[in-house]
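Reader: I have a protein model open on my screen and I would like to learn how to read it. Could you take me through it step by step?

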Amino acid sequence: MAPLFDKYLHLALLVTAAKAAPVPQAPCDLVALEQAADAYIAAQTAGSLVPLQSVISTSWTYMENNKNISASTGVLMTALDIDHRRTNYDLVTCATYTEVVAASGPYVIGTQIRHDTEGLVTSIDTIASTTGSWLFNATKTLQYVQSEDPGWTPLPVSAQSTREVIQTAGDAYLDMWSDAHAHERVPWGTPCVRLEGSAYTGKGAANDSCQPGIPSNHSQAPNTHRRYIIDQEMGSVSVFCVWEHMMNAADSHEFRLEKGKLRYVHTITECGGKTCKL
Ligand SMILES: *[C@@H]1O[C@H](CO)[C@@H](O)[C@H](O)[C@H]1NC(C)=O
Ligand SMILES: *[C@@H]1O[C@H](CO)[C@@H](O)[C@H](O)[C@H]1NC(C)=O
Ligand SMILES: *[C@@H]1O[C@H](CO)[C@@H](O)[C@H](O)[C@H]1NC(C)=O
Ligand SMILES: *[C@@H]1O[C@H](CO)[C@@H](O)[C@H](O)[C@H]1NC(C)=O
């Protein structure tokens with residue numbers, strides 16, 4: 001058979017196969033999520049909305065520190081030299097969570113990006129902490145984030161949990177402020193480390209625990225208006241909320257579970273432009 005004919009026959013077979021068995025539509029286009037997260041990083045790096053133009057829906061909304069504002073007045077307009085970014089993907093709700101550290105900003109930012117069925121961005125929801133925010137020191141946060149980064153690898157299937165288990169763990173943790181029994185529902189793992197602003201509980205020991213310092217007063221105002229991004233492969237859930245007990249702060253908690261047990265907690269908390277105080 002002549003090579004050329006062979007090539008066309010191959011193409012013809014491919015077309016026939018495609019017609020006979022169309023590839024089922026994935027619920028979310030991972031590539032679209034990746035492109036949008038990259039465009040968001042490009043926009044934040046440039047201090048401009050232009051890099052977002054090709055990925056954004058005409059009717060998108062922007063929220064910063066739990067307030068609906070115009071993106072053109074937000075932190076996206078500040079060019080930042082980004083030292084660290086990690087994006088987690090929710091392939092069920094078509095959304096991403098990106099953690100950003102810009103030591104020179106100084107800023108530590110968490111951003112949830114949601115997409116429509118076409119893959120376009122419908123909302124950018126950001127919690128942007130800076131000087132005055134809870135336990136803020138971006139240089140220190142960067143050091144901790146970089147040192148634990150090798151631990152944030154995709155999990156083998158055997159170490160993954162269901163979306164429900166991951167979300168329930170995050171909710172149980174956030175319920176500890178207002179529910180005396182919530183800590184019993186948190187699947188505490190070992191070692192477990194908390195990075196809260198720039199405060200780190202980890203000592204690099206095999207028995208590091210996330211339990212010292214958890215809320216002991218369960219009569220505090222609850223953590224409300226929760227928004228979730230769940231990445232099953234990372235074992236993570238990002239939860240944005242209003243931390244009512246902390247001056248109604250805009251709060252981001254990210255949790256990672258391995259084999260169903262809590263191993264990492266990251267928090268970013270901003271207090272409406274005021275210095276955070278408990
Ligand atoms: C922000 O806008 C969204 C969508 O329009 C709305 O659901 C939400 O309640 C608003 N949030 C605040 C805090 O105003
Ligand atoms: C932030 O942390 C770094 C590294 O630990 C330290 O050198 C610096 O003094 C801290 N900055 C402030 C403002 O506390
Ligand atoms: C962790 O291990 C160290 C040294 O092995 C020990 O001193 C410490 O008490 C242990 N901590 C906990 C919380 O078990
Ligand atoms: C617990 O928190 C509530 C709400 O802030 C406060 O009124 C109460 O005094 C606290 N209880 C204790 C024992 O600190």
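Author: Gladly! Let us begin with a term we will need: a residue is buried if 20 or more other C-beta atoms lie within 10 Å of its own, and exposed if 12 or fewer do. Please keep in mind that this is a predicted model.

Reader: How many residues of strand 10 are buried, and what follows from that?

Author: In strand 10, residues 236-243, 7 of the 8 residues are buried, so the strand is largely enclosed by the rest of the structure.

Reader: Which strands pair with strand 10, and in what sense?

Author: One partner is strand 9 (residues 223-231), which pairs with strand 10 in the antiparallel sense over 7 bridges. Within that pairing, Ile 230 stands opposite Val 237 of strand 10. The other neighbour to look at is strand 11 (residues 249-258), which runs antiparallel to strand 10 and is joined to it by 8 bridges. There you can find Val 242 with its bridge partner Ala 250 in strand 11, and Ser 238 with its partner Glu 254, also in strand 11.

Reader: What should I look at in the hairpins that link these strands?

Author: Try the backbone angle phi. The hairpin of strand 9 and strand 10 has 4 residues between the strands, and Gly 235 takes a positive phi near 70° there. The hairpin of strand 10 and strand 11 has 5 residues between the strands, and in this one Met 247 has a positive phi near 55°.

Reader: What is the order of the strands in the sheet, and which strands are at the edge?

Author: First a general idea: in a regular strand the side chains alternate between the two faces of the sheet. In this model, an open sheet of 6 strands has the order 8-7-12-11-10-9, and its pairing is mixed. Strand 8 (199-200) and strand 9 are the edge strands, each pairing on one side only.

Reader: Now the helices. Why do the buried residues of helix 4 line one face?

Author: The general idea is that an α-helix has 3.6 residues a turn, so residues three or four places apart point the same way. In helix 4, the buried residues are Ile 166, Ala 169, Gly 170, Tyr 173 and Leu 174. Seen down the helix axis, the buried residues of helix 4 fall within an arc of 130°, so they line one face of the helix. They pack against strand 9, strand 10, strand 11 and strand 12 (261-270).

Reader: How does the length of helix 4 agree with what it should span?

Author: At 1.5 Å a residue, the 13 residues of helix 4 (residues 163-175) should span 18 Å, and the end C-alpha atoms are 18 Å apart, which agrees.

Reader: Could we zoom in on one residue of that helix?

Author: Let us take Gly 170, which has its place in helix 4. Gly 170 is buried, with 25 other C-beta atoms within 10 Å. Leaving out residues up to four places away in sequence, Gly 170 touches Val 237, Val 239, His 253 and Phe 255. Have a look at Val 186 as well: its C-alpha atom is separated by 7.8 Å from that of Gly 170, although the two are 16 residues apart along the chain.

Reader: Which residues of helix 2 are buried, and what do they pack against?

Author: The buried residues of helix 2 (residues 30-46) are Leu 33, Ala 36, Ala 37, Ala 39, Tyr 40, Ala 43 and Gln 44. They fall within an arc of 160° when seen down the axis of helix 2, so they too line one face of the helix. Their packing partners are strand 3, strand 4, strand 5 and strand 6. After helix 2 comes Gly 47, with a positive phi near 70°.

Reader: What domains is the protein chain divided into, and how many residues of each are in contact?

Author: There is domain 1 (30-133) and domain 2 (149-270). In all, 19 residues of domain 1 are in contact with 20 residues of domain 2. On the domain 1 side, strand 3 (84-90), strand 4 (95-102), strand 5 (107-115) and strand 6 (121-129) each supply at least two residues. By class, that side of domain 1 has 7 nonpolar, 8 polar and 4 charged residues. The centres of the two domains, taken over C-alpha atoms, are separated by 22 Å.

Reader: And the chain as a whole?

Author: The protein chain has 5 helices and 12 strands, and buried residues make up 37% of its 278 residues.

Note on methods
Residues numbered from 1 in each chain as written. Chains lettered and ligands numbered in written order. Predicted model: local features only at pLDDT ≥ 70, side-chain atom pairs only at ≥ 80, totals over all residues. Pairing = 2+ DSSP bridges. Domains from an automatic or database assignment. Contact = placed C-beta atoms within 7 Å. Nonpolar A, V, L, I, M, F, W, Y, C, P; charged D, E, K, R; others polar. Expected span 1.5 Å × (residues − 1). Arc of directions from axis to C-beta.
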